[in-house]
Amino acid sequence: MSKSSQDGAKCEISLSVNGRLVTVRVHAMERLLDVLRHELGLTGTKEGCGEGECGSCSVLLNGILVNSCLIPVLQANGANIVTIEGLSTDGRLRVLQQAFLDCGGAQCGICTPGMILAALHLLKEKPQPTLEEIREGLAGNLCRCTGYMQIFEAVVEAGRRGATT
Amino acid sequence: MKNTRIVGTSVPRLEGRDKVTGQARYVDDMVLPGMLYGATVRSRIPRGEIKKFTFGPGIDWKEFVIVSPKDIPGKNCIALIEDDQPCLADGTVNHPEEPLLLLAHPDRYLLPKAVEAVSVEYDPLPAIFSMEESEGLSQIIWGTNNTFKSYLIEKGDVDALWKNADYIVEGEYTTGAQEQLYIENNGMIAAFDVQQGLTVWGSLQCPYYIHKALMKLCDLPADRVRVVQMETGGAFGGKEEYPSMIAAHAALLAMKSGKPVKIIYDRMEDMTATTKRHPSRTRHRTAVSKDGRILGGEIEFTIDGGAYETLSPVVLSRGALHAGGSYYWPSVRIRAKAVATNAPPHGAFRGFGAPQSLFALERHMDRIAQAVGLSPVEIRRPNFLKPGQTTTTGQTVREEIDLGRLLDRALELSDYHAKKKKFAEENQQGGSKKGIGIAAFLHGAGFTGSGERYLGSVVGVEACADGSVRVLVSSTEFGQGTKTVLCQIAAEALGLRYEDVGIAQPDTQEVPNSGPTVASRTVMVVGKLVQSAALGIRQTLRARGLLEDSYSPEEFCAACRAYVAEHGKFRSIARYEQPDDVVWDEEKYRGSAYAAFAWAVYVAEVKVDLTTYSVSVDDFVALQEVGKVLHPVLAKGQIIGGVAQAIGFALYEKVIWEQGRMQNGQMTNYIMPTSADLPSIRVYFEELGNVHGAFGAKGIGELPMDGPAPAIVNAVEDALEVPFDSIPLLPEDIFDALAERMDQ
Amino acid sequence: MRAHPAEYELVAPRTLPSVLSLLAQEPGVWLPIAGGTDVMVQYCAGELPTRKLVSIWNLPELRRMEVFTDEIQIGAGCTYTDLREQEVVSREFTLLSSAARWTGGIANQNRGTIGGNIVNASPAADSLAALLVYEAELLLVSVRGERRVPYTSFHIDYRKTQLAPDELIRAVCLKKRFSEYYAHARKVGARNAQAISKVCLAALGRLADGVVGDIRLAMGSVAPIPLRLTETERIVKGKRIDPLLVRLARTTAAAEVRPIDDIRSTARYRAAVAGNLVAEFLQQLTAAGMKT
């Protein structure tokens, strides 16, 4: 007998996602990543490894960078989540996003949402990071296409242009 | 060369905005109404006969769609060069993770459990796992002698060399499997409708490869199979041929269930079940004169193809054709073969055989240098190919390439001589050891020999109702900049603005077959066809009196609008024609193997930490001649990305095999470099032009994969004075070698 | 994702006493999950045997740092980022802040907790060697009360600890008596970041009148549990550091560790590197000593 719809075991989770309050009815152990992608249709956050290694699933949870593939949604109850979709809600690109475009920071784009959030998180702490600080700040986000250099250039450039906006 | 306005500048990436805002749609981002999820039951043994399937308890099997080989409407194969690879194993298993059955269900969470619940009874057969075992023929697992393909390249008179040689230098070099590790796993969605036929959407490089495979598998005509590429999160060759398999699986489930089916692999399945770079073994035996000239030699190049043929003959070909590198061989015999083992088939990965044979050659050049008593620089210089000389296949170098000067420039950029001297002194003092190493190499762009003629690529450029122009190619974007550069080319050719040109998403219903997106051919070959097709639009508009000889972009757009309003959409087609000066003899394997070669010299500076035996690359110079740089930011990005992957190939990425199955199929245990592991990679370009490429461009996508590994290992030898002939070179290997040397 | 969320139960009581009650009611049934950086990896791989989990993430009683005159108490729920941000840790217990810095990437440091690292008890865990040399004590708490145990005896065998089925670690206690020591930590992984350690060393040393006054060496990934190199410490203590002693320490350490061959590395490599790390430490200790 399949246990595919144990509705009784679901719970109500309320959270703010990109400034909007949402309530979902899900199993407590659903990954935050899957809730974002499937329940809320926010597919900008990606799954690359399912083990917290690649950082493609990075989001900001209460302003803190986390890997959403490792967070049971119950632990995000009441939290403020920012995903890549939350960065340019008015259609305008943030300074950091524009810098990625100008410097070649995105090639295939799959690591890009997580990478941008990680960079944003870094720039909040260190508005003009050194190369070493960028290396460390982005070490949890794997990119297979760029070899990282143009991503670093984008972050440096964003810092130069005043990217905490 | 004429001045260009758009080509040669770093215009914005066409689809870049979507990528930085999270709007880009990859296959797993798409959901269709009523969609089921699919999964694959796979073999746990490397070889044997399937006796029985048991569908275990705890699962309501009635809720599942189950596909077995008998559900295949057409031929049970993934059509490629041969039809030997089954879509689903039919009675016999030849490698671990071989697909056996397919399952689908609406609840994606249920599938892993269901897959686990299918048990399979086998009669195991003895399996083989190495090239040596395969050659030994104790088990015949493929064909009559385990050999998928062999080539023989001969030039001059090799047998006469040995008695006159002042030195005979031998060496054996091996490279391991490497996982492409695109960050987006393989995925496909299929839907079948009795009227419309079959449609698949997915992460892929070659829509028409899949189209051809599905026609045969599903017994459908061309116009009832449609393949659509979605945004693809990295590929590197790993999505050249493999997607036909996953598309076939999704298609079969969709046809049986009548519902759309999505199959997305997780990381472990992708790593363990899909293709990897072919492991290789190269043996060199070289006759060298007293003054360090290569008189000639024998090269034996062998690659491990895994259990089925797939693309091994083509990987073998490229590897064999690059085995002599950028040197002049008066005489050579290259014996190349691809052999079968009971591992999942190996496949395309950036470089496609050349990184393997060039690793061997460039390591061997340093070995020759030592034998002869010359430096790595001075052994290479006199042996470089010069204009007018011929390659190993007898292709005449027609361009004015001066490899000695390229070498000198690379040495200057890397401060090679000063550093080599300084390191030699500092290494005496204990602590870590530093070294510097070079690799000089080339990469042939486009399909080999008669390959491009056989492909017969077709490109379209369309005039649209709104006055814009649209490029129609099956060439796919997966990060390298296909869309951007092809639109640049069309805009440049027509004197338009970059914004006036669009490009269709590759959809076999919509675009012609411009060939696969492989072999570093897209900018060079397909780009040149885009150029021609674009000019065809202009020709037609002029012929209709809608356009003057000189015009502004606005006037061009107005002319398009007028034309389309009157005559409907207009599509200009260009077809590939083999240039007269690229002549190839497929029988004798002689002639012009490639329409163009890009040339390079790379220099790697390394530090070996003697506490941990780990190697760090502290500086890297990548200098290459590429015809013309069409987009500086993208071109630089290709080189840096390729060098990074090759650093992984050299120092980090080891596939751990047990009984033909990859044991470290997780990102935690398959080690690719992070941002903290890579140096600043310094990239420099030279441009000699290329008559066979759009605006003089040569292909560059794979070039950067060929040089870093030997440059790094040469540098490690420089640092430690211990040779290493096998990659990946891990700290454990360095420790073992140093410990052994101490024991002696 | 190889687990079915519907088959798991996760509860998140608001207070520590409610968590402890639950653990007491059904000992061994509820698996505590804090930041999830270990548990969720197992879960996603379909390899989590427990079906019931209790969240202890962000419980205020567990995620605080208390500074006393003679010791600090780090709540077990403190994340690696918390550790990095605490000045008292970077000032007095640098080995622990080093370990926090080299654990995973920033996202995993923001979630992984020191308590989780201890209880997960991987021999490769990043912070455990530091706790050994600091001779940490653990405050273990249950409905039955609180007890203080020396960390040195907490690990019994591979992934087996002294923790009772109804217990949690409440805090890690570190005595403030190491500011005079020279501290050195080094992790050897397959790459510079985001790597599971192949060998790691946490070391403290103090020179007195040119001889080794005290020395503490602990290593991870070289035995089923984090290991204090007591034999190597013994042969070094009280001696003057010279090339002969360094060589002896190197070989003793290489012989004292008990590493294995596994998917990440080889036993002989680990043993050799262990010896090298100790030798490197002694050389650095000498150099530091000469500066004062």
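**Packing around B:Ala490, and the wider assembly**

Beyond its neighbours within four places in sequence, B:Ala490 is in contact with B:Val461, B:Val469, B:Val471, B:Val501, B:Val530 and B:Ala534, two residues being in contact if their C-beta atoms, placed from the backbone, lie within 7 Å. The model is a predicted one, in which local features need pLDDT of at least 70, side-chain atom pairs count only at pLDDT 80 or more, and totals for chains, interfaces and linings use all residues. Residues are numbered from 1 along each chain as its sequence is written, while chains are lettered from A and ligands numbered from 1 in the order in which they are written.

B:Ala490 sits in helix α13 of chain B; helices (H or I, at least four residues) and strands (E, at least two) are DSSP runs numbered from the N terminus. B:Ala490 counts as buried because 29 other C-beta atoms lie within 10 Å, where the cut-offs are 20 or more for buried, 12 or fewer for exposed and partly exposed in between, again with C-beta atoms placed from the backbone. One of its partners, B:Val501, is eleven residues away along the chain, and the two C-alpha atoms are separated by 7.1 Å.

Stepping back to the whole of chain B, three domains are distinguished: domain 1 (16-24 + 451-575), domain 2 (31-125 + 186-264) and domain 3 (280-448 + 588-743), with bounds from an automatic or database domain assignment. The centres of domain 1 and domain 3 of chain B, taken over C-alpha atoms, are 36 Å apart. Contacts between these two domains of chain B involve 21 residues of domain 1 and 22 residues of domain 3. On the domain 1 side, α12 (451-455), α13 (482-494) and α14 (522-543) of chain B each supply at least two residues, and α14(B) gives the most, with seven. By class, this side of domain 1 of chain B has nine nonpolar, eight polar and four charged residues; Ala, Val, Leu, Ile, Met, Phe, Trp, Tyr, Cys and Pro count as nonpolar, Asp, Glu, Lys and Arg as charged, and the others, Gly among them, as polar.

The contact between chains A and B takes 42 residues from chain A and 46 from chain B. Helices α2 (95-103), α3 (112-125), α4 (131-137) and α5 (149-161) of chain A each give two or more residues to the chain A side, which divides into 19 nonpolar, 17 polar and six charged residues.

Chain C, finally, has eleven helices and 14 strands, and 57% of its 292 residues count as buried.
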